[in-house]
Every structure is written in C-alpha cells, then in structure tokens.
Amino acid sequence: MSKQFKNNLITYGIIIVFFAIMQTLASTGNLSSLFKGLLVPICVYAIMAVSLNLTVGILGELSLGHAGFMCVGAFASAFFSMCLKDSGMNSVLRFILAILLAAAVAAIFGVLIGIPVLRLRGDYLAIVTLAFGEIIKNLVNVMYIGRDSKGFHISLKDTAALGLETDGQVIIKGPQGITGTPNDSSFIAGTIILLIAVFIITNFVNSRSGRAVMSIRDNRIASESIGINISKYKIMAFALSASIAGAAGALYAHNLNTLNALPKNFGYNMSIMILVYVVLGGIGSIRGSIIAATILTALPELLRGFSDYRMIIYSVVLIALMLISNNPKAKTFLEQHDLRTILRRAEKEDK
Amino acid sequence: MALLDVNNLGISFGGLRAVDSFDIHIEKGQLYGLIGPNGAGKTTVFNMLTGVYKPTDGTIVLDGENITGKKTTHINRAGVARTFQNIRLFKNLSVLDNVKVGLHNDYPYSTLSGILRLPSYRKQEKAMNEKAMELLKVFDLDKECDYLASNLPYGKQRKLEIARALATNPKLLLLDEPAAGMNPNETGELMETIKLIRDEFDMTILLIEHDMKLVSGICEKLTVLNFGRVLAEGETSEVLNNPEVIKAYLGD
C-alpha cells in the first residue's frame, strides 16, 4: 500500500515540477512562443495517453479509435460553450461544466460501443473503435447546427437548409467546424485535468473495481469462476477511459479558435499516435505514458529542422524498440544495467 | 438433504456423448473424490457444475437451489468455487490481490467511493486486507503476499489458487487435480492442507485426483467415472478394491 502510494506521489510530483519549471520559464520570458503554444497540447496528449493506457494496459483491450472519443468530447464541449458564450456566465464555471459534459457524452459513446463489443472475445474492440473514430470524424464534417429564437436546427446538407431566421447563428458549420470557441484552456487548467485524470485512474486501479478489471485481463475464466461480472467491469473501464479522453477533447477544443475534424487531429493517425505514446511509455505505466506523450509532442517542434524526417525517426525508434524488447540478450543487458539493480549491487558491495 | 444433488447429468458435443446419466450426492462436510482414467469426463463434470458448459440434460441442485445451466458468475455466488487443472492465477497481480479479487463480492463498496477514497473504501479495504492475510496465513503464504503470483513456486501457486477459491466463501469447493505435478513431499503437505480446510472452514470438498495415495488418504467417498459413465461409487476402500475399477485403470 505504502509503496504504491509513494509511486503515485512521484507521478504527481513529476507533473507539478514540470508545471512549475515551465511556468517560471514562461514568466521570466525564457520560453519561446512556439513552446508556449505547445504546453496545452502536451497536457491534452498526456491525458489521452493516460486514458488509453487504462484500456490497453489495465483492461487489456486494444482501442484504435481513441481520438474519436476526444472528437466527441471536443465538439460537445465547444458546442456547449458557444451556446453559453453570451449568457454572462463565469468563464471558469462554464469551462468546468463543458469538461464535465464532454466527459459524460464520451462516456455514453463508450458504453454504447462497449455493450455489444466487449461481450465478444478477441480483437473486435480494435476493429469497431477504428471504424468509430472514422465515422465520428466524417459525421461531424457533414453536420450543421444552428440556433435562432425558435431553438436549435440540425441539417446534414448545408447552412441554407437550416432555415434560420435572419438573426440566427450557425454554431457547427460542417467541414468548417466551430469558430469562435472561447479560449478557456490554459496550461494550468491542463495540468489540473491531467492530475485529476491520474488521480482517478490510479485510484480506480487500486480499488476493488480495478482489481476486477485486471483479473479479467489476466484470466477471464478464473475471474468468472470467482464471481466477477465480466461485462460490467469491462464496460466500466472502457467508459471511464472514453470519458477521460472526452475531457481531453474539451481542453483541446477550448485552446483553438476554430475547431474542425481533420484526419490530422481526430483521425486514425492520431489514434495510432496516442497508442505509440502508451507503448513507448510502457503498457500499464501511467507515468511512462505521460513522459512519452510529453517528449513525443515536444520533440518534433523543438527539432523543427528535422520535422521532415519525424516519421522516419519514429518508425526507426519503434522497430528498434520492438527488436530490443524481444531480444533475450538485450533484455538481460537492460536488467543488468537497470538503475535499481546497479544501486542494489552497490549496496551489497558496501556491506 | 445432501448439499449437492446431481441427477442424470449429461452433455453431448455434437455426436459425442461426453458424460451420460451422471449422479452424485455429497453431504455437507464430506471429502469426496472423483476419479477415473484420462478422458473419462471428470473435468467436463466440473465444467458443468460451475457453468462453463451447459449440461444437455439432468439437474444440479446446490443446497436446495437449482443451479443447472446458470452462468459461472451466478453459480459462484450461489456457493461453488473451484481450482483448475492447469493453474489459472492472475499472474500480474500480487499474491494478496489475487485473494482480494476473490473477496470482491463480500465487500461491495462502490466504484465511486473507491476513486474518491471515501470512508467506506478505507474501512472495507482494511477489512479485506485482514481477511486476505488470514487466509494466506492458513496456506503459509503470508510472507509472500507482495510477490507477483507468477513468481511463486509451483506448489505455492496451487495453494494460492485454493486460497482464492476459499475467499469467495463457498459452500462447496471443487479441486481439479490439486496434486498434479507435485513431488511426494508436496503432495503430503497438500493432503494436510486439504484436511485442514475441511476442518477449519467446515468445507465440503469434491476433488479430481490421479494420485491414489492422496485419494485413499483423505477421501471418504469416491465416484469412479469411465467413458462418461459412473462405473462405481461408495466408500473409498470398497471402491478401490472393486475389480471393475481396477480393470478400468490397469486394463485387462
């Protein structure tokens, strides 16, 4: 118990120290504007990586459409904020409500996908989430929603088909997305949401529900034999993971003036990118996910000159990692040169 | 009224009749053995008793409740726990957590209070830890409680599986070849443990075993299964001296 508590404290500590350093650098003017612009995306992708790690590492299922949940959260929250933009509501309160709404809507989608798919055994979740991510992205691209004194109008054709009154306002403009979302996101908001996400996931994992989820991952048949409700816990973990991705989407949406669903931000590539963060950071390791997401989001921008070769470097790194992690000689080498082993050996020699 | 009443149980896989008109009646507190040559259908019977397979015909009544064809989860809650022939532990969980998963249904604090660490979480987790350590102590596993289950030696993994099954607070414990792969020393120790479970937890136990030393040493009654049918049943010593049984095991 205490070991795990210490472990969590280290994770929180790393996040807070990173925040403090960046904040100090920014306030003393030592941070380039480019890097400043990266701080919120770093939080967004760190939250996404942590949330996907719950599905991949703890639940042991593969999701290839996690950006789809982020997309749902982003549009739901941006739509909500646009509606309340002129209501005079406190912007912090509005942002908090928008995040909660994003999490709730994404969780509903998670449950809807989970109920049929998680009852099956095998890699069906990967296939269905892959399709879900693409469908959501395309659906958003043909959706027009407007508002006037009579209420909301929805169309899948174009703005004119909404039939708005002259003072009506188009909120979602199909491929042009949502323009004018209030810029409520900030580095501090991102850090707080990341801390909350880590808190929720680590506490979930160390509770009876989390243990049930991990037992299903390790051995479904044994888990059933001791009376665990398999479907319930699988859906619960997946919905929790989806809702955190939705919250990340809200953070993302409120950091941009124009939100639209592109292959770049909510497409298949992004889902794979997040999976890469999880795999590189270590499946099941929350801290690793955060660190990998931070480094891999920041690096391409810091090495702008190399950005043409970014994908090549990624693939080389990935191939190298796969080869190394499956090579017994490399494994023993890493074990022997692990920091902990070295420390232990030094201790022994001291004695 | 027996604790477990199985009547005319049978299952077919396509054209194959794996088990046919199987009857067994186990009294509370009994230590009962199910033996038979390889492929006789012993594990299939266990799988029907625990709901992994749905029987084609027959009834299973546990302590007055008809559990025929119910889901595994439901049957466990009704009071049947089991171990597996090929050990099925939660390998990436600690020894303590393996037992705590078994306690899952007895400590029903909500997921929300788990996430928010409300008092109900703290109180029940504490009780869970105590209860789990108590169980581990019975099996002499308390010192290894922080180990990953996969890092335990083989004999201890078998014991941990029994501890996990007991954690669900069953009325009937099914052990599928508990002594498989154990050396004579470990088997002897296991016999003591099984007796201890029966006496300490007032447990009813049905076990499949090939090790005749263990069977004759601890089982009070036996049922012999051959080609999916009951070949003999009765007191252990009688059954083991039955010429039919000897023939089934050793051939003509």
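**Exercise 1.** In what sense do strand 1 and strand 2 of chain B pair, and over how many bridges?

Solution. The structure is a predicted model, in which local features need pLDDT of at least 70 and side-chain atom pairs count only at pLDDT 80 or more, while totals for chains, interfaces and linings use all residues. Residues are numbered from 1 along each chain as its sequence is written, and chains are lettered from A and ligands numbered from 1 in the order in which they are written.

Step 1. Fix the terms: helices (H or I, at least four residues) and strands (E, at least two) are DSSP runs, numbered from the N terminus. Two strands pair if DSSP finds at least two bridges between them.

Step 2. Strand 1 and strand 2 of chain B pair in the antiparallel sense, over 7 bridges. As a point of reference, B:Asp5 stands opposite B:His25 in strand 2 of chain B.

**Exercise 2.** Place these strands in their sheet, and find what packs on the sheet.

Solution. Step 1. Strand 1 (residues 4-13) of chain B also pairs with strand 4 (residues 57-62) of chain B, in the antiparallel sense over 5 bridges. Here B:Gly10 has B:Asp57 of strand 4 of chain B as its bridge partner.

Step 2. Strand 4 of chain B in turn pairs with strand 5 (residues 65-66) of chain B, antiparallel and over 2 bridges; B:Val61 is bridged to B:Asn66 of strand 5 of chain B. The two strands form a hairpin with 2 residues between them, and B:Asp63 in the turn has a positive phi of about 50°.

Step 3. The result is an open sheet of 4 strands in chain B, with the order 2-1-4-5 and antiparallel pairing. Strand 2 (16-26) and strand 5 of chain B are the edge strands, each pairing on one side only.

Step 4. Helix 1 (residues 42-49) of chain B packs on this sheet and touches strand 1, strand 2 and strand 4 of chain B, where residues are in contact if their C-beta atoms, placed from the backbone, lie within 7 Å. The direction of helix 1 of chain B makes about 70° with that of strand 2 of chain B.

**Exercise 3.** Describe the hairpin of strand 9 and strand 10 of chain B.

Solution. Step 1. Strand 9 (residues 221-226) and strand 10 (residues 229-235) of chain B pair in the antiparallel sense over 6 bridges. B:Val224 has B:Ala232 of strand 10 of chain B as its bridge partner.

Step 2. The hairpin has 2 residues between its strands, and B:Phe227 in the turn has a positive phi of about 50°.

**Exercise 4.** Which strands of the chain A sheet stand at the edges?

Solution. Step 1. In chain A, 3 strands form an open sheet in the order 2-1-3, with antiparallel pairing.

Step 2. Strand 2 (151-155) and strand 3 (169-173) of chain A are at the edges; each has a single partner strand, so one side of each is left without a neighbour in the sheet. The twist averages 20° from one strand to the next.

Step 3. Strand 1 (residues 144-148) of chain A pairs with strand 3 of chain A over 4 bridges, in the antiparallel sense, with A:Ile172 of strand 3 of chain A as the bridge partner of A:Ile145.

**Exercise 5.** Characterise the packing of two helix pairs, one from each chain.

Solution. Step 1. The axes of helix 5 (residues 119-138) and helix 6 (residues 154-167) of chain B come within 10 Å and cross at roughly 140°. Axes are lines fitted to C-alpha atoms, for helices over the stretch in contact, and angles run from 0 to 180 degrees between N-to-C directions.

Step 2. Angles under 35 degrees count as roughly parallel, over 145 as roughly antiparallel, 65 to 115 as roughly perpendicular and the rest as oblique. Helix 5 of chain B is therefore oblique to helix 6 of chain B.

Step 3. The contact is made by B:Ala132, B:Leu135 and B:Leu136 of helix 5 of chain B and B:Ala163, B:Leu166 and B:Ala167 of helix 6 of chain B.

Step 4. In chain A, the axes of helix 8 and helix 10 (residues 230-253) come within 9 Å and cross at roughly 110°, which makes helix 8 of chain A roughly perpendicular to helix 10 of chain A. Helix 8 of chain A contributes A:Ser209, A:Ala212, A:Val213 and A:Ile216 to the contact.

**Exercise 6.** How many residues does each chain give to the contact between them?

Solution. Step 1. Chain A gives 21 residues and chain B gives 29 residues.

Step 2. On the side of chain A that touches chain B, helix 7 (187-205), helix 8 (208-218) and helix 9 (220-225) of chain A each supply at least two residues. The largest share, 7 residues, comes from helix 8 of chain A.

How values were computed
Contact = placed C-beta atoms within 7 Å.
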